[in-house]
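Visitor: Please choose a single part of this structure, a helix with its packing partners, and take me through it closely. I would like the cut-offs behind each term as you go.

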Amino acid sequence: MSVLAGVLPFAGATQGAEPQVPVLWDAKERLPKPDLSALPRLRFLTTTDFPPFNFLDGSGRLSGFHIDLARAICAELDVVEKCQVQALPWNELEDALQKGEGEAIIAGIAATPQSREKYAFSRSYMQFPARFIMPKAKALAEPILDKLRSKRVGVVAGSAHEKMLRDYFNTVQVVTFDKPEELYADLKAGKIDAAFGDGMRFAFWLGGSDAAGCCRFAGGPYLAPEYLGSGMAIATRAGDPALAAAFDYALQEISIKGTFAEFYLRYFPVSFF
């Protein structure tokens with residue numbers, strides 16, 4: 001338990017093996033509704049090459065989790081008629097925002113000390129927990145620490161997840177892999193007892209044909225910002241913190257009303273929480 005104590009403060013209430021829809025907002029907190037009636041336009045800038053967050057669908061229409069989220073934000077802020085979403089190459093987003101070609105970037109920019117020098121950020125609307133996956137017949141439930149003792153656990157070499165695994169689950173036998181594909185192959189073949197890594201990437205693999213229904217999440221999720229970052233936030237110009245605060249209001253309302261959960265389950269049918 002002394003090892004898990006280092007994880008739990010960042011994980012909130014640690015879940016069992018069944019994934020959950022993430023809840024990142026306190027429904028008891030009351031954020032003031034902003035008045036954006038004087039705002040002439042609210043244009044979100046994004047990209048087209050980060051599915052399922054932003055992509056072009058079969059008819060060439062801009063789609064994805066971020067697109068639905070941006071439109072829902074506009075609805076909560078009563079600016080639907082002023083709302084626009086424009087896709088640009090990733091390396092053009094920053095210049096476009098600074099030139100006033102958009103009011104916000106919704107494309108997965110991480111809020112770091114370095115990026116906060118350029119942008120004002122909303123609170124995080126999506127975080128990416130570390131997870132264990134195991135063969136279905138052997139998947140463990142919390143409390144998991146003692147049950148993992150001496151188990152062979154695979155992880156991608158040199159990743160933040162490797163460091164987190166060694167620091168917080170130091171009773172396991174760590175087996176490193178150069179590529180995720182090699183990790184998955186050994187898990188399916190029974191050469192390792194579990195894999196540890198990014199929950200979202202694991203979810204895509206579990207839901208795909210390559211996994212062939214072999215495995216499932218076990219324990220967790222584990223949120224540790226000092227290893228994994230603070231997740232996704234909406235970026236505005238550094239001199240526009242009021243707009244970032246307006247997004248906080250909208251994001252909280254979207255969470256409380258269940259709209260966020262609807263979007264999450266639509267685009268992530270295998271939940272990574």
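Guide: What follows begins with one helix and its partners and then turns to the surrounding loops and some further places.

This is a predicted model, in which local features need pLDDT of at least 70 and side-chain atom pairs count only at pLDDT 80 or more, whereas totals for chains, interfaces and linings use all residues. Residues are numbered from 1 along each chain as its sequence is written, and side-chain values use heavy atoms, without hydrogens and water.

Helix H2 (helices being DSSP runs of H or I with at least four residues, strands runs of E with at least two, numbered from the N terminus) covers residues 65–76 and packs against helix H9, residues 259–267, at an angle of about 165°, with the axes 10 Å apart. The axes are lines fitted to C-alpha atoms, for helices over the stretch in contact, and angles run from 0 to 180 degrees between N-to-C directions. H2 is therefore roughly antiparallel to H9 (under 35 degrees counts as roughly parallel, over 145 as roughly antiparallel, 65 to 115 as roughly perpendicular, the rest as oblique). The crossing of H2 and H9 is right-handed, the near helix being turned clockwise from the far one by less than a right angle (anticlockwise would be left-handed). In this contact (heavy atoms within 4.5 Å), H2 contributes Phe65, Asp68, Leu69 and Ala72, while H9 contributes Thr259, Phe260, Phe263, Tyr264, Arg266 and Tyr267. By class, the contact of H2 with H9 has seven nonpolar residues, one polar and two charged (Ala, Val, Leu, Ile, Met, Phe, Trp, Tyr, Cys and Pro are nonpolar, Asp, Glu, Lys and Arg charged, the others, with Gly, polar).

Within H9, Phe260, Phe263, Tyr264 and Tyr267 are buried (under 20% relative accessible area with a 1.4 Å probe and protein chains only; exposed is over 50%, partly exposed in between). Viewed down the axis of H9, these buried residues fall within an arc of 100°, so they line one face of the helix, the arc being that of the directions from the axis to the C-beta atoms. Their cover includes strand S3 (54–56), H2 and H8.

The second partner, helix H8 (residues 241–256), packs with H2 at an angle of about 105°, the axes lying 9 Å apart, which makes H2 roughly perpendicular to H8. Here Leu69, Ala72, Ile73 and Glu76 of H2 meet Phe247, Tyr249, Ala250, Leu251, Glu253 and Ile254 of H8, and the contact of H2 with H8 divides into eight nonpolar, no polar and two charged residues.

In the loop between H2 and strand S5 (83–87) lies aspartate 78, whose phi is near 60°, a positive value in a residue other than glycine. As for S3, which is among the elements covering the buried residues of H9, the loop between strand S2 (49–50) and S3 contains proline 52, joined to proline 51 by a cis peptide bond with omega of about 0°.

Another helix pair can be set beside these: H5 (residues 180–188) and H6 (residues 199–206) pack at about 60°, with their axes 12 Å apart, and are therefore oblique to each other. H5 passes H6 in a right-handed crossing, with Leu183, Tyr184, Leu187 and Lys188 of H5 in contact with Arg201, Phe202 and Trp205 of H6. Alanine 212, in the loop between H6 and strand S12 (215–222), is exposed at 63% relative accessibility and has a positive phi of about 55° although it is not a glycine.
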